[in-house]
Amino acid sequence: MEILKNTVAKITEHANRAIGQVDESELERMISSIMASRAVFIVGTGRSELVGKAFAMRLMHLGFTVYAVGDVTTPAISSEDCLVAISGSGETKTVTLAAETSASVGATVIAITATPGSTLTESSDVVITIPSKTKEPWKYYTSSVLRGDYDDLTPMGTLFEDTTHLFLDGLIAEFMSILGKKEKDLRKRHAIIE
């Protein structure tokens, strides 16, 4: 139990510190872009995809039109839409291709990444940087990596994915406040066929 408790403490401390470093002007641009979009498209792979789908579900509960990229019912993206692209490295091929394609049709691209200056950010209008260790920390030398501020108990993208999940859940609370929604409002849109 000691390892579990220490690891959870480390993850939550990291998340608080990293979310505190998010550029508020970029965050405001993310909120306004989502609010102004006809539909929100979400893309990620692996665990980032799971984090993105959790965010998509909460946006749907709030009444947004939202699609997960790759689902067979996802329509074409347009200039009236936005794409939220999640990749710690900012180099995940499917995510960078989705961002490039979305940008080419005039959609707003919002990147959530641990790696500013990555391929993903080149196609993005808004960049939310979540400073964290990625799957391959030796490829992306951030100050935390140079300090050796990572260990085997938070393997690969754990810190990025967990921090991104908490950030996006906090963002849902922001949207609830902006829209004047309460939990009972979200519950009305919760799935009843399960």
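The expected span of a helix is 1.5 Å times one less than its number of residues. With that in mind, let's look at helix α4 in this predicted model. Helix α4 covers residues 93–104, 12 residues in total, and its first and last C-alpha atoms lie 16 Å apart, close to the expected 16 Å.

**The two sides of α4**

Which residues of α4 are buried? They are V95, T96, A98, A99 and S102. Viewed down the helix axis, these buried residues fall within an arc of 160°, so they line one face of α4. The face turned away from them carries the exposed residues K93, L97 and S104. Just beyond the end of α4, G106 adopts a positive phi of about 90°.

The buried residues of α4 pack against four elements, listed here:

| Partner of α4 | Residues |
|---|---|
| β1 | 40–43 |
| β3 | 82–86 |
| β4 | 108–113 |
| α5 | 119–122 |

**The nonpolar cores**

The largest nonpolar core has 30 residues, and M30, I34, L59, V84, I112 and L168 touch the most other members. At least two residues of this core come from each of α2 (24–36), β1, α3 (46–61), β3, β4, β5 (126–129) and α7 (158–179). Which of these gives the most? That is α7, with six residues.

V84 is worth a closer look: leaving aside residues up to four places away in sequence, V84 touches M30, I34, V40, F41, I42, V43, I110 and I112.

There is also a second, separate core of 13 residues, with A39, I77, V95 and L120 among them. Here we meet α4 again, since V95 is one of its buried residues.

Notes
Residues are numbered from 1 along each chain as its sequence is written. This is a predicted model: local features need pLDDT of at least 70, side-chain atom pairs count only at pLDDT 80 or more; totals for chains, interfaces and linings use all residues. Side-chain values use heavy atoms; hydrogens and water are left out. Helices (H or I, at least four residues) and strands (E, at least two) are DSSP runs, numbered from the N terminus. Buried means under 20% relative accessible area, exposed over 50%, partly exposed in between (1.4 Å probe, protein chains only). The arc is that of the directions from the helix axis to the C-beta atoms. Contact means heavy atoms within 4.5 Å. A nonpolar core is a set of buried Ala, Val, Leu, Ile, Met, Phe, Trp, Tyr and Cys residues joined through side-chain atoms within 4.5 Å.
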